[in-house]
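Take a look at the model below. A short report on its sheet and its pockets follows.

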Amino acid sequence: MSKEFRPRLSESEFDYWQKKKLYDKKLYKALIFSDPHGWLSDLSALRCINQVLKHNKFDEVIINGDITDLPYLSKHTQRLYEDGILNGYSEVKEIDYTVEQILNPLRLSTDAKIRVRLGNHDERLTKPYNLGQEQLARLAVLYKHFDTTKYNEMLKLKETDGYIYDEDDVYTMFNQFYITHGLSLNKTAAEKNIYEYMGSGSTGHTHRLNSKYLTNRLNPYVWFESGCTRLVKQVEFLPTAKVADWQQGFIEAVFMIDNKNVRFYASPTLILEGKCYFNGVVYDGKIM
């Protein structure tokens with residue numbers, strides 16, 4: 001399913017996007033995914049996205065939060081099952097793993113700019129205000145190893161390599177599509193976001209692939225939950241027999257530009273067992 005919405009930009013908004021040389025284009029295409037969770041990522045899901053990017057032209061790729069997990073930089077470590085996917089874990093290893101297994105292959109798969117946004121798990125490192133002494137000690141080891149306290153430097157997010165490190169709470173595309181990591185885990189989170197922003201957009205955080213359409217006297221609106229790209233059958237805080245209600249996937253948002261008029265079409269794509277069906281083609285992330 002897709003959504004169309006066409007606003008008219010103000011002079012200042014038009015000038016802003018024109019300076020970015022976007023109005024030389026008739027289409028501006030973004031691929032949005034979220035919640036890989038670093039050490040806990042599902043590499044087959046990420047390879048599926050990389051395959052989509054290799055064979056389809058995009059202008060921007062947006063990782064909408066929680067590129068790392070940092071499970072021990074939390075006061076809820078007593079909930080963790082350490083004998084499974086967390087075996088051998090350290091924060092240093094997770095940062096290295098994220099660069100080598102998530103960011104580097106993604107960068108090689110597309111010439112689009114890559115925007116890395118922050119989620120609540122990333123903020124365990126960037127805003128460690130509520131951490132206890134044990135967590136702060138682990139964080140100190142991380143800072144010392146990388147000789148920096150800056151998250152973007154640890155992740156090697158250089159502008160010269162086409163990365164945008166985005167610390168803003170909300171990224172707004174063409175004054176109409178709001179991208180934020182999200183706060184609510186409620187089943188009605190998508191609908192709540194429509195009312196919160198009185199607009200359309202996308203969030204991560206819930207790990208659900210979902211869309212909510214709403215039409216009122218002003219406009220049609222849609223909000224997408226982008227699912228996740230982490231492991232869903234192995235969950236570090238759930239007993240082995242329990243299954244999380246999570247789905248893997250991504251969102252495509254295509255902005256059609258006609259002078260100062262912009263309309264967008266957006267749709268979710270499900271990733272199932274490392275495979276997805278996109279634009280008439282099956283992409284298989286389990287093929288190396």
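## Sheet and pockets

An open sheet holds 8 strands in the order β4-β3-β2-β1-β10-β11-β12-β13, and the pairing is mixed. At its edges lie β4 (163–166) and β13 (281–284), each paired on one side only. On average, neighbouring strands of this sheet are turned by 20° against each other, direction ignored. This is a predicted model: local features need pLDDT of at least 70, side-chain atom pairs count only at pLDDT 80 or more, and totals for chains, interfaces and linings use all residues. Residues are numbered from 1 along each chain as its sequence is written, and side-chain values use heavy atoms, without hydrogens and water.

Strands (E, at least two residues) are DSSP runs numbered from the N terminus, as are helices (H or I, at least four). Two strands pair if DSSP finds at least two bridges between them. Strands β11 (residues 261–272) and β12 (residues 275–278) run antiparallel, joined by 2 bridges. Ile271 stands opposite Cys276 in β12.

Now the pockets.

| Pocket | Volume | Nonpolar | Polar | Charged |
|---|---|---|---|---|
| Largest | about 520 Å³ | 5 residues | 8 residues | 10 residues |
| Second largest | about 410 Å³ | 4 residues | 11 residues | 8 residues |

A pocket is an open set of points on a 1 Å grid where a 1.4 Å probe fits, with protein on both sides within 12 Å along at least five of seven lines; lining residues have an atom within 4 Å of a point.

The largest pocket is lined by 23 residues, and Arg79, His121, Leu185, Phe237 and Trp246 are the closest to its centre. The second largest pocket also has 23 lining residues, with Asp169, Thr180, His181, Gly182 and Leu183 closest to its centre. Helix α7 (residues 189–197) gives the most to that second lining, 5 residues.

Conventions. Axes are lines fitted to C-alpha atoms, for helices over the stretch in contact, and angles run from 0 to 180 degrees between N-to-C directions. Grid points are joined across faces, edges and corners, and a volume is the space filled by probe spheres set on the points. Ala, Val, Leu, Ile, Met, Phe, Trp, Tyr, Cys and Pro count as nonpolar, Asp, Glu, Lys and Arg as charged, and the others, Gly among them, as polar.
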